[in-house]
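Colleague: I have this model open and would like a close look at one part of it, with the surroundings worked in as you go. Could you take me through it?

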Amino acid sequence: SSTQYFDQDGKRRRWANHATWRSSTAWLRYRQSLTRRASAYLHLPVTQAHLSNDLGTQTTTTGLGDAHGGLVYQPHFDAETAFAFRVDLKLPTGSEWPEGHGTEGSTERFLTGTGLPNLGLFAHGRRRLQNIAAIDLSAGYVYKFPGVVAYVERTDGPGLGWLAPGGEMR
């Protein structure tokens, strides 16, 4: 739950009319073994966002977010160590088109997705320490494909715009 936001200058501001913002995501996860060392997965996020204020404005959106699917290959594992490689594809399955103009009292639906696909490559490692603890390490790169999105703000409300977010090290 949040009662504040950051403006375009990076300054913390309070929402007008004591607005309260809540957002949560639940994941439906499916994993299927293909071989002893390889598996495929599908992760579907279900997102709910809710905005309310002292004026009685109540806006709630519940919907599917951006789905992730991919493959995991584990070339080495034993009782103490494990290594795996993962390829992850994020598909723009969530709603990327807001309803209303984004002003107080005119927003009818919030975004649940980015509108752009991503492709990620990851390496994972685990070392168990005498069945008491484990050390996990992960590193990867995500390429975020450029494309047209529907949530670019214009003076007359949301519109279409080009977004090129680039890549991200994780």
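Modeller: Happy to. Let's start from one histidine: leaving aside residues up to four places away in sequence, H43 touches W27, L28, R29, Y30, A67 and H68. Keep in mind that this is a predicted model. H43 itself sits in strand β4, which covers residues 38–52. Its relative accessible area is 19%, and because the cut-off for buried is under 20%, H43 counts as buried. One of its neighbours deserves a second glance: the side chains of H43 and R29 make a polar contact at 3.1 Å.

Another of those neighbours, A67, leads us onward. Strand β6 spans residues 67–77 and is joined to strand β7, residues 81–91, by nine bridges, with the two running antiparallel. A67 has L91 of β7 as its bridge partner. The link from β6 to β7 is a hairpin through three residues.

From β7 we can step across to β8. These two strands are also antiparallel, and 10 bridges join them. If you want a place to check the register, look at K90, which stands opposite N118 in β8.

The next step is from β8 to β9, an antiparallel pair joined by 12 bridges. Here G120 faces V142 of β9. Three residues lie between the strands in this hairpin, and among them Q130 adopts a positive phi near 50°. N131 is found in that loop too, between β8 (118–129) and β9 (133–144). With a relative accessible area of 72%, N131 is exposed. In contrast to the buried H43, then, N131 is on the exposed side of the cut-offs. N131 also makes a good link back to an earlier part of the chain: its C-alpha lies 8.4 Å from that of E80, although 51 residues separate N131 and E80 in sequence.

β9 has a further partner. It pairs with strand β12, residues 166–169, in the antiparallel sense over four bridges. Within that pairing, Y141 stands opposite M169 of β12.

Several of these strands come together again around a pocket. The second largest pocket holds about 320 Å³ of space. It is lined by 15 residues, and those closest to its centre are R31, V72, Q74, A84 and H124. At least two lining residues come from each of β4, β6, β7, β8 and β9. The biggest contribution is from β7, with four residues. So that you can place it against our starting point, recall that β4 is also the strand that holds H43.

Stepping back to the whole protein, the model has 12 strands and zero helices, so the element string is β from the N terminus on. Of its 170 residues, 29% are buried. Among contacts between residues at least 6 apart in sequence, 49% join residues at least 24 apart. The accessible surface comes to about 11200 Å², and carbon and sulfur atoms account for 57% of that.

Notes:
Residues are numbered from 1 along each chain as its sequence is written. This is a predicted model: local features need pLDDT of at least 70, side-chain atom pairs count only at pLDDT 80 or more; totals for chains, interfaces and linings use all residues. Side-chain values use heavy atoms; hydrogens and water are left out. Buried means under 20% relative accessible area, exposed over 50%, partly exposed in between (1.4 Å probe, protein chains only). Contact means heavy atoms within 4.5 Å. Accessible areas come from the Shrake-Rupley method with a 1.4 Å probe; for residues, only the protein chains shown count as cover. A polar contact is a pair of N or O atoms within 3.5 Å; within protein, one must be able to donate a hydrogen and the other to accept it, and residues adjacent in sequence count only if both atoms are side-chain atoms. Two strands pair if DSSP finds at least two bridges between them. On a 1 Å grid over the protein atoms alone, a cavity is a set of points where a 1.4 Å probe fits but cannot get out, and a pocket is an open set with protein on both sides within 12 Å along at least five of seven lines; lining residues have an atom within 4 Å of a point. Grid points are joined across faces, edges and corners, and a volume is the space filled by probe spheres set on the points.
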